[in-house]
Amino acid sequence: MGLLSDPNRRRALISMLTRLNAPICVVCYFAGVAWFMGLAFEPFTLRTYMSENAMGSTMVEERFPAGERALATGREFAAHKKKVGGMPVDWLVKNMQDRGLEVFTQSFSRTLPFPDENKERYIVKGTNVYGILRAPRAPRTEALVLSAPCSPGDSNNQAVGLLLGLAQYFRNQIYWAKDIIFLVNEHDLIGMQAWLEGYHHTNTTGMSWSPLQGRGGSIQAALSLELSSDVITSLDLVLEGLNGQLPNLDLANLFYAFCQKIGVLCTIQGKLQRNDWDSVSGYSHAVQTMMLMVMKQASGRPWGDHGLFLRYHIEAATIKGVNSFRQYKTDATTIGRLLEGMYRKLNNLLERLHQSYFFYLMPSLSHFVSIGYYMPAFGLLAVILLLRALDLWVQLNTPPSTTEDGVADIDQVRHTPGVLSVLTPLVISHLTGVALYALPIRFQETAVEHFPVSETEAVVLTAIAIYTAGLALPHNTHRYYIMCVCGTEQGWRVLKLIAVLYLAVLLGCTALINFSLGFILALTLVPLAAFVTPHVPKVLSAFILVILSPACTLLFSVFFFQELQEMPVSFQDGWLLYLSVISQGILDHSLYGSLVYPLIALLVYPCWLLFWNILFWK
């Protein structure tokens with residue numbers, strides 16, 4: 001503290017930081033990137049371990065025997081689904097009742113703000129069917145959920161059959177201390193959203209649904225099951241939920257422990273476990289797995305039905321069966337035993353999962369990176385903004401230069417920046433962001449009437465048009481600069497100081513909620529925020545600013561995500577996928593409350609416009 005309390009030492013420290021500001025910023029940026037890339041290296045990761053004592057041992061004997069019968073039930077379910085052209089509600093109700101469950105249904109409907117062309121729907125109507133197995137050895141104050149979405153076509157029929165098989169087997173066991181809810185939801189995430197809102201008596205999305213007639217206890221944990229075929233080669237664990245939320249790490253540890261015990265091949269992000277961490281290929285594999293998790297988490301969308309449970313502080317994950325035509329095969333009986341073991345361990349919980357991590361990255365199922373390891377990578381990027389703010393503050397507080405006669409420079413004294421020099425671009429930038437957020441959906445009918453496009457195309461193209469129109473901001477506000485005598489050196493420095501501090505707070509808050517999104521935005525926005533001035537070459541700098549803008553960052557992320565999945569696409573297909581991602585982001589916000597689109601439109605894009613305005617300062 002003596003270094004900061006002594007005025008002479010404080011001035012010397014500030015002088016050194018301002019003199020070496022640019023080199024320190026460059027070193028911090030590359031150090032942050034190197035730190036992040038090193039997180040996938042084994043010495044920097046921790047081995048997964050079970051923190052919850054009640055689930056610390058897998059010493060339970062799994063006896064589920066009815067895998068083939070479950071597959072036969074799945075085929076019967078598929079036949080009835082094809083016959084009625086959708087969810088066979090009556091058949092499901094009868095089968096659940098035959099298995100001794102308390103069966104209830106819930107109808108729901110939702111009108112989308114614009115058609116979802118990916119799934120060809122606009123008005124969604126459906127019915128959820130769920131059965132409750134009451135706990136015979138407890139006061140029925142807690143519950144577990146096993147769900148299987150009723151997907152269109154022939155997909156996921158096996159999951160419904162296995163769910164019914166497990167319901168029948170669980171009904172004959174006496175050790176359950178929690179209610180177990182078996183849920184078959186229609187229309188994937190929309191049906192799950194309706195059921196969760198009905199279960200918790202909330203309505204945050206404006207969906208219409210009938211009240212639930214039967215409820216269990218407070219839900220402690222949930223698993224969503226997705227099976228692609230009768231024969232499974234591996235089970236993939238999906239963790240990423242709404243707005244980048246993740247379940248407690250103990251849930252992933254439990255899945256991995258039972259896969260190891262039963263001998264099931266398990267993956268995360270579709271990547272197999274590798275043991276050659278010290279090799280280049282092993283490190284590359286771990287980096288790809290971790291980056292896939294980062295990209296999925298940054299998207300803010302739920303990557304399975306489990307993603308909506310996390311909003312209600314319910315630890316949940318999706319187990320997805322994959323048939324990749326490997327020689328290794330897993331039958332339905334083995335998967336049933338794995339689920340039986342997991343639910344028996346969750347049944348032992350005396351309290352909610354809380355002892356392990358909620359913020360982590362996983363380069364593999366056996367290793368994880370905790371928040372204490374990955375946040376310094378973001379901190380190294382964020383400190384650049386603080387260093388640049390310090391440099392600007394020193395420049396603004398430097399006394400005006402004097403002439404040989406000892407008289408201060410009249411221009412620097414007279415042309416001090418006023419309030420309008422900062423207020424005008426701030427207000428116009430945020431009004432542009434409000435337009436980007438609100439107008440695409442509101443103007444879709446007008447666009448369809450005047451242009452030969454569909455409603456979805458109208459929404460996306462309107463958003464792109466408003467985003468592009470914001471690039472004219474410096475030319476539109478130039479007249480205000482002249483009126484308020486703002487076009488001075490001090491004026492752009494004040495604006496940049498506010499913009500840099502604004503960006504630092506914005507990225508810091510984003511990283512605390514969704515680290516992956518905050519880190520990706522920091523990678524692109526911090527360099528342009530640090531070095532943009534009105535005195536750099538305009539054409540080259542404008543090109544770099546556009547490349548590092550939020551829209552181009554999203555475009556590059558789409559191609560990068562496809563490369564990580566080892567499914568590269570052409571530029572034309574990538575562009576169509578990019579437009580689809582934009583429309584899906586707007587839909588996710590309207591349907592489920594995803595925060596990524598409003599964050600980009602209302603905060604990140606206006607902040608980027610401030611730096612664009614600084615570049616063209618006159």
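This note covers the annotated membrane spans, the internal cavities and one helix of a predicted model.

1. Annotated spans. An unreviewed UniProt entry lists residues 20–41, 371–390, 419–439, 451–473, 499–532, 539–561 and 595–617 under "transmembrane region". These assignments come from the record.

2. Two of those spans in the model. Residues 371–390 are 100% helix and 0% strand, and the C-alpha atoms at the ends of the span are 28 Å apart. For residues 451–473 the helix content is 70%, again with 0% strand. The end C-alpha atoms of residues 451–473 lie 26 Å apart.

3. Cavity count. The model has 3 cavities of 30 Å³ or more. The largest cavity has a volume of about 50 Å³, and the second largest holds about 40 Å³.

4. Largest cavity. Its lining consists of Leu272, Gln273, Arg274, Asp276, Trp277, Gly282, His285, Ala286, Pro363 and Ser364. Helix H9 (280–299) and strand E12 (360–364) each contribute at least two of the lining residues. H9 gives the most, with 3 residues. Sorted by class, the lining of the largest cavity comprises 4 nonpolar, 4 polar and 2 charged residues.

5. Second largest cavity. The residues around this space are Cys266, Thr267, Ile268, Lys271, Leu272, Gln273, His285, Thr289, Pro363, Ser364 and Leu365. Two or more of these come from each of strand E9 (266–268), strand E10 (271–272), H9 and E12. E9 is the main contributor to the lining of the second largest cavity, with 3 residues. By class, this lining has 5 nonpolar, 5 polar and 1 charged residues.

6. Shared lining. Leu272, Gln273, His285, Pro363 and Ser364 appear in the linings of both the largest and the second largest cavity. H9 and E12 likewise supply at least two residues to the largest cavity and two or more to the second largest.

7. Helix H6. Does the length of H6 agree or disagree with its residue count? The helix covers residues 157–171, and at 1.5 Å a residue its 15 residues should span 21 Å. The expected span is 1.5 Å times one less than the number of residues, so the 15 residues of H6 give 21 Å. The end C-alpha atoms of H6 are 22 Å apart, which agrees. As for accessibility, H6 is mostly covered, with 13 of its 15 residues buried, that is, under 20% relative accessible area.

Key. Residues are numbered from 1 along each chain as its sequence is written. This is a predicted model: local features need pLDDT of at least 70, side-chain atom pairs count only at pLDDT 80 or more; totals for chains, interfaces and linings use all residues. Side-chain values use heavy atoms; hydrogens and water are left out. UniProt positions are given in the numbering used here, feature names are shortened, and annotations may be inferred rather than shown by experiment. Helices (H or I, at least four residues) and strands (E, at least two) are DSSP runs, numbered from the N terminus. On a 1 Å grid over the protein atoms alone, a cavity is a set of points where a 1.4 Å probe fits but cannot get out, and a pocket is an open set with protein on both sides within 12 Å along at least five of seven lines; lining residues have an atom within 4 Å of a point. Grid points are joined across faces, edges and corners, and a volume is the space filled by probe spheres set on the points. Ala, Val, Leu, Ile, Met, Phe, Trp, Tyr, Cys and Pro count as nonpolar, Asp, Glu, Lys and Arg as charged, and the others, Gly among them, as polar. Buried means under 20% relative accessible area, exposed over 50%, partly exposed in between (1.4 Å probe, protein chains only).
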